Amino acid sequence: MLFFAVSSILLAAVSAEFCYTDVEGACSTRPTANEGALVPNCNAKYGAIDKLQVDLQSYATANIESSFEFLLMSSYFGNYENQREGFKGLYRKYSDKMWEDAIDIIKYIAKRGGRMNFNQLPRFKSQTKESRVLELNELTSLAKALDTQKQLANEALHVHAQAQPNNKHDPAVAHYIEEQFLESHAERVRDLAGYTSDMKKLLTVRDPSVSIFLFDEFLKKTL
């Protein structure tokens, strides 16, 4: 008798997680009382998306914030005083890419049955006052851009690590991050590291203004 009672309780607990059970209860002659939605389990959620949703939201927010930062940096180098078309185009390119990445992440969250929370702060991005300074010279702007790209790469690696079997285990999320973001982050970090190193060497000459001009022309041709 005890065995049947325990079995019934377990069966009821498991069946409560299914959409069919919700629909059957809602459409019966005596509907069951559910808090919130009438059919709460009729959604697109599966796997560990509930546990990984906050990490994905943080990653999306980091891309949005970085997109606006690069857009402001692009505008700074595109004004009449600086006129660095290469730097302007480079930072605008990064801004557009990160905006597209943020939209893609938000769409993926929705596809998996979740919702975007724009108040979720990035996990690795610096929130200090110094990190908000965007009126920088050519070399310091490259250094800031490199730091920002590394922080975004760390955000992606964190989500990927959390989706592994030894953590929250959702192979679909791990595959999505790996396919869509990890390689592009590696390329951006490598490019900016090279640009920063080259710019530092160019500034050691007697008259660096010509070197900066030529480097800006090089950036413009690579876009």
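This passage looks at helix H7 and the largest pocket of a predicted model.

Helix H7 is a good place to start. It runs over residues 208-222, 15 residues in total, and spans 21 Å from its first C-alpha to its last, close to the 21 Å expected at 1.5 Å a residue. Five names make up its buried set: Ser 211, Ile 212, Phe 215, Asp 216 and Leu 219. Viewed down the axis of H7, these buried residues fall within an arc of 135°, so they line one face of the helix. The spacing of such a face follows a familiar rule: an α-helix has 3.6 residues a turn, so residues three or four places apart point the same way. The other side of H7 carries Leu 214 and Lys 221, which are exposed. As for packing partners, the buried residues of H7 pack against three helices, namely H4 (85-111), H5 (138-162) and H6 (171-202).

Attention now turns to the largest pocket, which holds about 160 Å³ of space. Its lining is formed by Leu 90, Lys 93, Tyr 94, Lys 97, Ser 184, Glu 187, Arg 188, Asp 191, Tyr 195, Thr 222 and Leu 223. Both H4 and H6 supply at least two residues of this lining, and the largest share, five residues, comes from H6. Thr 222, one of the lining residues, is also the residue at which H7 ends. Sorted by class, the lining comprises four nonpolar, two polar and five charged residues. Among the lining residues are Lys 93, Lys 97, Glu 187, Arg 188 and Asp 191, which count as charged.

Notes:
Residues numbered from 1 in each chain as written. Predicted model: local features only at pLDDT ≥ 70, side-chain atom pairs only at ≥ 80, totals over all residues. Heavy atoms only, no water. Helix = DSSP H or I, 4+ residues; strand = E, 2+ residues; numbered from the N terminus. Expected span 1.5 Å × (residues − 1). Buried < 20%, exposed > 50% of the residue type's maximum accessible area, 1.4 Å probe, protein only. Arc of directions from axis to C-beta. Contact = heavy atoms within 4.5 Å. 1 Å grid on protein atoms, 1.4 Å probe; cavity = no way out; pocket = protein on both sides within 12 Å on 5 of 7 lines; lining within 4 Å. Points joined across faces, edges and corners; volume = space filled by probe spheres on them.
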